[in-house]
Structures are given as C-alpha cells and as structure tokens.
Amino acid sequence: MNTIYILNGPNLNLLGKRQPEIYGSETLDDVETLCRSVCADGFDVKLMQSNNEGQLVDWIHDARHEACGIVINPGAYTHTSIAILDALHTFEGPVMEVHISQVHKREAFRHHSYVSMRADGVIAGLGLEGYAAGVRRICQLV
Ligand code: CA2
C-alpha cells in the first residue's frame with residue numbers, strides 16, 4: 001500500500017471560495033496538487049472531502065485496507081466527533097491532523113480536539129503547507 005489518504009471534513013469544499021481572510025484563496029484541488037508534488041517517489045495521494053461524519057468514518061475504514069497513512073482535516077468534527085476518533089483508532093498507520101488556521105488563537109471551543117488523542121502529529125496555522133508537512137512526515141514514517 002502506497003496511497004496516502006487526505007481526508008477533509010465539513011465546509012472545506014468551500015476552500016478558496018469563502019472567508020479567504022481565514023482560510024486563504026487556494027482550493028482543495030490546489031491541496032491535492034501540492035500534496036502530490038511533495039510525496040516521496042513510490043507514494044500517491046487520494047484527496048476526499050465530505051460534509052457527513054459517517055462518510056468520513058467509512059473512508060477511514062477503507063483506509064485500513066487501501067492507505068499507508070492518513071492526513072486529516074476533520075473541520076468542525078475535530079471538536080465534536082468521538083466517532084471519527086474511534087474510527088482512527090482502528091487504523092494502524094500514521095495519522096497527521098491538519099488545521100489550516102491556528103485554532104489556538106481562535107474561539108475556546110476550537111482548542112480541544114478529539115482527533116489529537118489519536119494523531120501522531122498535529123499541525124495548525126501553516127495554511128495549506130500543513131497538508132504538505134503531513135504528507136512528508138507520513139512518507140518518512142512508513
Ligand atoms: O483551520 C482549520 O482547518 C479548521 O479545521 C477548519 C474548520 C474549523 O471548524 C476548525 O475549527 C479549524 C472549518 C472549515 C471551514 O472551511 C471553510 C473554508 C473556506 C470557507 C469557509 C469554510
């Protein structure tokens with residue numbers, strides 16, 4: 001298995017289309033291009049986005065058989081979803097949690113992450129570069 005899943009949660013389909021002052025002007029297509037450009041030889045990336053918690057859980061289950069690592073920006077589910085945390089606990093490879101914004105400078109409800117209880121790395125506030133850092137780290141670890 002040499003595929004790295006890049007999973008994105010709710011509202012991230014609007015990346016580059018709304019709130020550029022927080023999330024920048026680049027899109028999820030740009031994220032996929034960036035991640036592919038930094039992944040080591042022999043690896044590939046597969047980027048997915050859903051606004052539905054259960055779909056994200058299903059993709060994490062798929063990753064158990066199809067992916068060597070997961071980069072995940074769970075969006076607002078970061079702060080609420082025990083289901084996503086439980087699903088990540090069933091995955092044996094490295095997990096990198098990414099937030100485009102620096103969540104610790106924002107509202108208090110964004111300071112807690114369930115996903116961080118499983119993540120092998122947590123990146124916040126680097127913009128899209130956080131995804132690239134997550135991919136690079138997975139390539140090192142696998
Ligand atoms: O900073 C991040 O990447 C977040 O995971 C983004 C989530 C937010 O709930 C987390 O606290 C931090 C929100 C994603 C919303 O994405 C949008 C992108 C462009 C325009 C509007 C929303």
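How far is an oxygen atom of the ligand from an N or O atom in the side chain of Ser-101? In this predicted model, the separation between the ligand oxygen and the Ser-101 side-chain atom is 2.5 Å. The protein covers 95% of the 510 Å² of accessible area that the ligand has on its own. Around the ligand there are 17 residues, of which Asn-73, His-79, Ile-100, Ser-101 and Arg-110 come nearest. Two further members of this group also place polar side-chain atoms by ligand oxygens: for Asn-73 the distance is 2.8 Å, and for His-79 an N or O atom of the side chain is found at 2.7 Å.

It is worth following Asn-73 back into the fold. This residue belongs to strand S3, which spans residues 69-73. With a relative accessibility of 4%, Asn-73 falls under the 20% limit and therefore counts as buried. Its contacts beyond four places in sequence include Leu-7, Asn-8, Gly-9 and Leu-12. Val-98, His-99, Ile-100 and Tyr-131 are also in contact with Asn-73. Ile-100 thus appears twice in the picture, as a contact of Asn-73 and among the residues that come nearest to the ligand.

What holds for Asn-73 holds for its strand too, since five of the five residues of S3 are buried. In a regular strand, side chains alternate between the two faces of the sheet. In S3, Gly-69, Val-71 and Asn-73 lie on one side, with Ile-70 and Ile-72 on the other, and both faces are covered.

The strand has partners in S1 and S4. Strand S1 (residues 3-8) runs parallel to S3 and is joined to it by five bridges; in one of these pairings, Asn-8 has Asn-73 as its bridge partner. Asn-8 is also listed among the contacts of Asn-73. Strand S4 (residues 95-99) is likewise parallel to S3, here with three bridges, and Met-96 of S4 stands opposite Val-71. Between S3 and S4 the chain passes through helix H4 (residues 82-89), making a right-handed β-α-β crossover.

On the way from S3 to H4 comes the loop that holds His-79. This residue has a relative accessible area of 16%, and so is buried, the limit being 20%. His-79 and Gly-69 are separated by ten residues in sequence and, from C-alpha to C-alpha, by 22 Å in space. Setting aside neighbours within four places in sequence, the contacts of His-79 are Phe-109, Arg-110, His-112 and Tyr-114. One of these, His-112, has its backbone oxygen 2.9 Å from a polar side-chain atom of His-79. The side chain of His-79 thus has polar atoms close to the ligand, at 2.7 Å, and to the backbone of His-112, at 2.9 Å. Another contact, Arg-110, is itself among the residues that come nearest to the ligand.

A last look goes to the loop between S1 and helix H1 (20-23), where Asn-11 is located. Although not a glycine, Asn-11 has a positive phi of about 75°. Asn-11 has a relative accessible area of 52%, and therefore counts as exposed, the limit being 50%. Gln-19 lies in the loop between S1 and H1 as well, and its phi is near 45°, again positive in a residue other than glycine. With a relative accessible area of 42%, Gln-19 is partly exposed.

Conventions
Residues are numbered from 1 along each chain as its sequence is written. This is a predicted model: local features need pLDDT of at least 70, side-chain atom pairs count only at pLDDT 80 or more; totals for chains, interfaces and linings use all residues. Side-chain values use heavy atoms; hydrogens and water are left out. Helices (H or I, at least four residues) and strands (E, at least two) are DSSP runs, numbered from the N terminus. Buried means under 20% relative accessible area, exposed over 50%, partly exposed in between (1.4 Å probe, protein chains only). Contact means heavy atoms within 4.5 Å. Two strands pair if DSSP finds at least two bridges between them. A crossover is right-handed if, with the strands pointing away from the viewer, the path from the first strand over the helix to the second runs clockwise. A residue is near a molecule or strand if one of its heavy atoms lies within 4 Å of it. A polar contact is a pair of N or O atoms within 3.5 Å; within protein, one must be able to donate a hydrogen and the other to accept it, and residues adjacent in sequence count only if both atoms are side-chain atoms. Accessible areas come from the Shrake-Rupley method with a 1.4 Å probe; for residues, only the protein chains shown count as cover.
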